[in-house]
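Got the model open in your viewer? Let's walk through it one selection at a time, starting at a pair of helices.

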Amino acid sequence: MAHPPVDTDDRTGQRIVPETTRSANGLTGTRYGNRPTMKDVAARAGVGLKTVSRVVNGEPGVTPDTERRVQEAIEALGFRRNDSARVLRKGRTASIGLVLEDLADPFYGPLSRAVEEVARAHGALLINGSSAEDPDREQELALALCARRVDGLVVIPAGDDHRYLEPEIRAGVATVFVDRPAGRIDADVVLSDNFGGARDGVAHLIAHGHRRIGFIGDMPRIHTAAERLRGYRAAMEDAGIPVEDRWMSLGATNPERVRRAAADMLSGPDPVTAVFTGNNRVTVTVIRVLAEQSRRVALVGFDDIELADLLQPGLTVVAQDSAALGRTAAERLFRQLDGTLVAPERIELPTRLIARGSGELPPAD
């Protein structure tokens, strides 16, 4: 009995044996061979191609016995209908694309799931990918999805110029931006109230006696970071508190940068007594920094984080509903596809302050 050839990976030393499988007609071939076609089903069932088409598409005119034979052939061969030609005839592919910033960010998990649930309710498939906060990669991904003829796009933008999508939108690709507005085009956008949420969070610290309050946020070019900084400034101005430059730090959210910013604010003769953090990644690093401090520093974070209620004290946050953002954006997208929308709109969802203890600590001095 012949054995399949054996090869060896020079890098790992692992033995590589090509896997084979026995097809339904008894022939042995490679595991990843050609997919069975309707012609294969017709030959196995002993019927015409039109009869197979009727069974596959649920059309009338086939006797129960013939339908049974066709279904048995379909199951034996593992046949799957190719929907490409059918959906293209209708002008729709029953798929939408989602361009995220970072698939690993916990904020985007509920958002992505909500978009997927709305798509599923409309009989559509969701295809998503990550821009990694790179405008060029965002454009490449969005256009690649359009090239695959998705019916619509939900985009969390990394860039600030989206004119590259104008030809796609004119061609009928429904497009909704979420979390941040589009740049240099008119398009539907669904946002959280970043300004109002940040203002409420800082005002909460002020109400508990704090005057030296630091702000650590994301890159200033990002819409959400700029709006949260604006909310911080507004709350301080409303309370008549002058803001010192060293109390504010915007930049990359990597732990090293955030740790340095926090350390600078917490040192010197007049350190801050409270910190307002601009997003969940910044908050996590600041929590670690504050755990190393000999004195207690109040903290309010924008975005809730997992296990926030189990910290000591619990983490006070300005929470935004990422699932509602995704659901609202997706519903807006399908209304575009249904032809029930005309002019682009800006939809702003409220945030919610959740007091758990860290934002209610009084100043240490």
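At what angle do H1 and H2 pack, and how far apart are their axes? This is a predicted model, and in it the two helices pack at about 110°, with 9 Å between their axes. H1 is therefore roughly perpendicular to H2.

**Stop 1: the H1/H2 contact**

Show side chains for Met-38, Lys-39, Val-41 and Ala-42 on the H1 side; they meet Leu-49, Val-52, Ser-53 and Val-56 of H2. Now select the whole of H2, residues 49–56. Thr-51, Val-52, Ser-53, Val-55 and Val-56 are buried there, and the buried residues of H2 pack against helix H1 (38–45) and also against helix H3 (64–77). Step just past the end of H2 and you land on Gly-58, which has a positive phi of about 65°.

**Stop 2: the six-stranded sheet**

Switch to cartoon and pick out the open sheet of 6 strands. Going across, the order is S6-S5-S7-S8-S9-S15, and the pairing is parallel. Which strands stand at the edges? They are S6 and strand S15 (346–349); each has a single partner strand, so one side of each has no neighbour in the sheet. From one strand to the next, the twist averages 15°.

Zoom in on S5 and strand S7 (residues 152–155), a parallel pair held over 4 bridges. Click Gly-97 and look across to S7: Leu-153 stands opposite.

Next, add the helices that lie over these strands:

- Helix H5 (residues 108–121) lies across S5, S6 and strand S8 (174–178), and runs at about 170° to S5.
- Helix H12 (residues 322–338) lies across S5, S7, S8, strand S9 (188–192) and S15, and runs at about 160° to S8.

**Stop 3: two loops with an unusual alanine**

Select Ala-94, in the loop that links helix H4 (84–90) to strand S5 (95–100). Its phi is positive, about 55°, even though this residue is not a glycine. Is Ala-94 buried, exposed or partly exposed? At 31% relative accessibility, Ala-94 counts as partly exposed.

Then jump to Ala-132, between strand S6 (125–130) and helix H6 (135–147). Ala-132 is not a glycine either, and has a positive phi of about 55°. With 46% relative accessibility, Ala-132 counts as partly exposed.

**Stop 4: the largest nonpolar core**

Which residues touch the most other members of the largest nonpolar core? Color Val-202, Ile-213, Ile-216, Tyr-232, Met-236, Phe-276 and Val-286; the core has 40 residues in total. Many elements chip in with two or more residues:

- helices H8 (194–207), H9 (223–238), H10 (255–265) and H11 (280–291);
- strands S10 (213–217), S12 (274–277), S13 (298–302) and S14 (316–319).

Center on Phe-276 and show what is around its ring. Beyond residues up to four places away in sequence, Phe-276 touches Ala-198, Gly-201, Val-202, Leu-205, Ile-213, Gly-214, Phe-215, Ile-216, Val-300, Phe-302 and Val-318. Apart from this core lies another one, of 25 residues, and Phe-107, Val-176, Leu-337 and Leu-349 are among them.

**Stop 5: Asn-280 and a cis proline**

Select Asn-280, in helix H11. Its relative accessibility is 8%, so it counts as buried. Leaving out residues up to four places away in sequence, Asn-280 touches Asp-105, Pro-106, Phe-107, Phe-302, Asp-303, Asp-304 and Ile-305.

Now move to Pro-313, in the loop between S13 and S14. The peptide bond leading into Pro-313 from Gln-312 is cis, with omega near -5°.

**Last stop: zoom out and color by confidence**

The chain averages a pLDDT of 90, and 88% of the residues score at least 70. Which stretch falls below 50? Select residues 17–32: pLDDT is below 50 there, although the stretch has 21 contacts in the model beyond near neighbours in sequence.

With the whole chain in view, there are 12 helices and 16 strands. Of the 365 residues, 45% count as buried. Among contacts with a separation of 6 or more, 63% come from residues 24 or more positions apart.

Definitions and conventions: Residues numbered from 1 in each chain as written. Predicted model: local features only at pLDDT ≥ 70, side-chain atom pairs only at ≥ 80, totals over all residues. Heavy atoms only, no water. Core = buried A, V, L, I, M, F, W, Y, C linked by side-chain atoms within 4.5 Å. Buried < 20%, exposed > 50% of the residue type's maximum accessible area, 1.4 Å probe, protein only. Contact = heavy atoms within 4.5 Å. pLDDT = per-residue confidence, 0-100. Pairing = 2+ DSSP bridges. Axes fitted to C-alpha atoms, helices over the stretch in contact; angles between N-to-C directions. Parallel < 35°, antiparallel > 145°, perpendicular 65-115°, else oblique.
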